Structures are given as C-alpha cells and as structure tokens.
Amino acid sequence: MRITLIAILTLTAVSAHAQHSWTVQQCMQYAVEHNHEVKRTELELDNYMANRTGAIGRYLPKVDMGIGAQYNFGRTIDPETNIYTDVSTFNNGYSLSASFPFFDGFNRLHALKAAKASVLMGHHALRQKQNQIALNVLQAFVNVAYYDGLVKMAGEKMEETTLLLRQTRLLEELGRKSAADVAQVESQQAEANYELTHQQNLLASAILELKKSMAYPMGDTIRCEIPILSTDNFHAGNKIFPNSEQYIPTLGNNPELLASHYQMKASKHEWHQSRASLFPSLSLSAGLNTTYFHTLHSNGGQSFRDQIKNNMGEYVGATLSIPLFNRLQTITSIRKAKNNYQIARENYEQKQLELEKLAREAWQDWQGNLKQTEQMLKKVEADSLTYHLTRRQFEEGLSTAIDLHTTSSQLLKSKATLLQCQLMAMVKEQLVRYYNGQTIWTE
C-alpha cells in the first residue's frame, strides 16, 4: 500500500509538472538563469572583479620570508675561521624582507581606476546580455503564440469545411447542389486539412526554437501560456507623441551604451597607466636575516639559539629607478594604449548613434503596429461579415463554392495579419523599454 501510494504521488507530481504552463516572463527568467552565454559573461565579470582585487593589493607592501639549508662536504671554507677545511658542515639561513613602492608615476592609481571601470563595464555587459537573451526568448515565444493562433484558426477552418461538406452533400441529395459543388467543397476541406498539418509542423519547429533560446531540455515537454490579446489595448494609437519624430529616447540607462562608456574609461586609464613608465619609481625596503652553522661530527660550537641571535642582521633601503632607454618599448606601449582609447571612444560614439536610431525605429514600428492593429480589427469585422453573407448565399444557391472559398481565405488571412500585428506591437513595446534602459524581464 505504501509503495502504491508513493507511486501515485510521483505520477501526480510528474503530471502536474508536465501540465504546468509557462508564461513569457517565466520563459525569459529561465533563459537568463540557464543560458550559456549569460554564464560566460558572469565568469568574465568575475575576472574583472579579480583584477580589481589585484589592483587594490598593489597598494600593500610585499613581504617575503626565506629559509635555506646547505650541506657541505669535501674541501670548503669554514665560516668561523675563513680558511679551507675538509670537514663536513651544515649551514642554515633565515630571512624576512618587506618592500613597498613609494612612487611609481601613478601607475597603481590608474590601474585601480581602470579595474573599477572594467568591473562596471562587466556589470552592464552582463545586464545587456541578459536583456538580449530575454529579447530572443520573447521573439521565440511570440513565434510560438503566432503559430499556435494559426493552428487554432486552421482547426476552426477544418471544422467549418467539414460541416459545410455535410450540408453540401445533403443539398445535393435534395437536388439543390450539383456534384461539382460537392467536389469544390471537398477540395476546400482537403486544403484546410493540409493547412492545419502545415501550421502544426511550424508550431513544433517554433517550440524547438524556444527551447533552444531558453537552454531548456529538448526532450522535455513545455506548454506555453499564450497571452490573451485584448482589443482594448490596441485602440490607443499614439499614446505619448502624435509624431514619432518628437520622440526622444533616453539612452542614459541603456546597459549596452553604459558598457561601451566604461570600456572607454578603462582604456583611458590604461593609456595613462602606460605613460607612468616614463617617470622614475621609488621603492622602500627593509628586512632582517640570520644564519646557523654547525660542523658535523663535532660537539663544539655555539648553540642554535645563540647563533640565531648573534648572527641577526637588519637592513633598510631605498631604490630609485630612472628609465633611460628600453629599446623604444615604452613609447610603443603608450602609442598603442592611446590608439586603443581612441578606438574605444569612436566605438562609444558610434554605439550612441546606432542605439538612438534603433530606439527611434522601435518606437516608430510600435506606433505603426498599433495603427495597423486598429485597421486590421475593422478589416476582420468586414471580412467576417462578407464571409457569413457569402455562406448564407451559398446555402441558398445564390453563390458558388469558389466565392465562398475566396471570402473564407480572405477572412483567414485578415485574422492572421491581425494576430501578427498584435504580437509585433508587444515585441516593439519591449524593444522601446530595452533601448530606454528598462528591464524587460522580472528578476
């Protein structure tokens, strides 16, 4: 009984998991957490943070400790008498030293500033990658929603043609329709069946593309919760500006532009860091050392403790390094670093222009899709009325099957175009939010 109960609970949990419907926000959240490109960007950000830690550590003194041991046999110099001897000896030395770069031409300062700018660049690059993956998933989800809508339309069309075929055969038996009319309706039913199968295949391909964008297991089943597209949301037209030319995008918070900005700042500090090699550098050092000596196979000599104490030596020092000539390597490094900074600045200015252009295009496309949606709503209503009138006339013998097929195809095409306009308006709205620096997925 216990085993049976566990099996039932397990099957129930698996069934509930399989029946879970994914919203577009859940799909984007899953993709952001599991996408391989996002994970690589996170590791790159961790490298930038490690470089910043290393740049901070350069402000700390360097401390070294050394221990050495030497066994001498054969002819060697006795350190106590400073004369040659043939006895075996053992030498042991200890040292502790510390050094601190007092002045390095502000090399460490610019290295730290460059590292901090790189960390900020990494943060915004990660945000940009997350948003880009979310947009890809949104587009894939919209494709699934589009083909799902087409499958439903094709299914409704299949049911209508099946019912129409039954009515036409019945009218043929009554003598009101000819065999040619029945053949025409049978042809329409076969076409509707083909279209249903075709749209189902396209839907299956769209689901596979969505799984790929999400990094979702291909073998697992996923069900998408298709949003209900209310017509009330598409009557607004131009909500803010009547003319798209008056729209001014706010790109100050766009992660892609911010990443390019901090890349330029990091390159600038790296250029200043390379120029620090032209200045003299001053470093301070201090330390102590001691030794222990013992002649093997001899009971004489001072003890280890006495020798360590008596042989103790301390030192302090300062080193001034003045660069004179290093085969033009410094000049070459400065020149390359300056060019890299100018390249980063050009990239930033170009990115700013590109994003402003894309933001305005997204806004214009969004407003255009809203207007097209309003127009297609009216067209669907008109085509639907035309189809129903034509079907009524066909049943009364006042129109042919070809006329009915034409109006039916026109209505199906209008519904598909309306669905496309509604879904594209959703995508373009999210693009406008993205270019204005807003997060398009729920964290």
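Two strands are said to pair if DSSP finds at least two bridges between them, and in this predicted model that criterion gives a natural way into the strands. Strand β5 and strand β7, the latter covering residues 281-295, run antiparallel and are joined by 14 bridges. Within that pairing, F90 stands opposite H294 of β7. Strand β7 also runs antiparallel to strand β8, residues 313-321, with 9 bridges joining the two, and here S285 has G317 in β8 as its bridge partner. In a regular strand the side chains alternate between the two faces of the sheet.

From β5, which spans residues 89-103, the chain passes through a loop to helix α4, residues 107-173, and F106 lies in that loop. Although F106 is not a glycine, its phi is positive, at about 65 degrees, and the residue is partly exposed, with a relative accessible area of 48%. A second non-glycine residue with a positive phi is A215, at about 60 degrees; A215 is found in the loop between α5 (179-214) and β6 (223-224), and with a relative accessible area of 25% it is partly exposed.

The charged side chains add another set of connections, and a search of the whole structure finds 9 salt bridges. Side chains of opposite charge can pair when their charged atoms come close. One of these salt bridges joins D104 and R108, with an N to O distance of 3.1 Å. D104 has a relative accessible area of 15% and R108 one of 8%; because buried means under 20%, both residues count as buried. Another salt bridge links E256 to K351, whose closest N and O atoms are 2.9 Å apart. Since E256 belongs to helix α6 and K351 to helix α8 (residues 329-395), this pair ties together parts that are 95 residues apart in sequence. K351 itself is partly exposed, at a relative accessible area of 23%. A salt bridge is also formed by the side chains of E356 and R360, at 3.5 Å from N to O; these two residues both lie in α8, 4 residues apart, which is about one turn of the helix. E356 is partly exposed at 30% relative accessibility, and R360 is likewise partly exposed at 27%.

Helix α6, residues 255-275, contains 21 residues and reaches 30 Å from its first C-alpha to its last, close to the 30 Å expected at 1.5 Å a residue. At the start of α6, a side-chain oxygen of N254 comes to within 3.0 Å of the backbone nitrogen of E256.

The nonpolar residues remain to be placed. In soluble globular proteins, nonpolar side chains tend to be buried together. The largest nonpolar core here has 59 residues, of which W22, V137, L210, M214 and Y435 touch the most other members. The elements giving two or more residues to this core are α2 (24-34), α3 (36-57), α4, α5, α6, α8 and α9 (401-435), and α4 gives the most, with 16 residues. Leaving aside its neighbours within four places in sequence, Y435 is in contact with T250, L251, N254, L355, L358, A359 and A362. A second, separate core comprises 14 residues, among them L165, V380, Y387 and L404.

Note on methods. Residues numbered from 1 in each chain as written. Predicted model: local features only at pLDDT ≥ 70, side-chain atom pairs only at ≥ 80, totals over all residues. Heavy atoms only, no water. Buried < 20%, exposed > 50% of the residue type's maximum accessible area, 1.4 Å probe, protein only. Expected span 1.5 Å × (residues − 1). Polar contact = N/O pair within 3.5 Å; in protein donor to acceptor, adjacent residues only side chain to side chain. Salt bridge = Lys/Arg side-chain N within 4 Å of Asp/Glu carboxyl O. Core = buried A, V, L, I, M, F, W, Y, C linked by side-chain atoms within 4.5 Å. Contact = heavy atoms within 4.5 Å.
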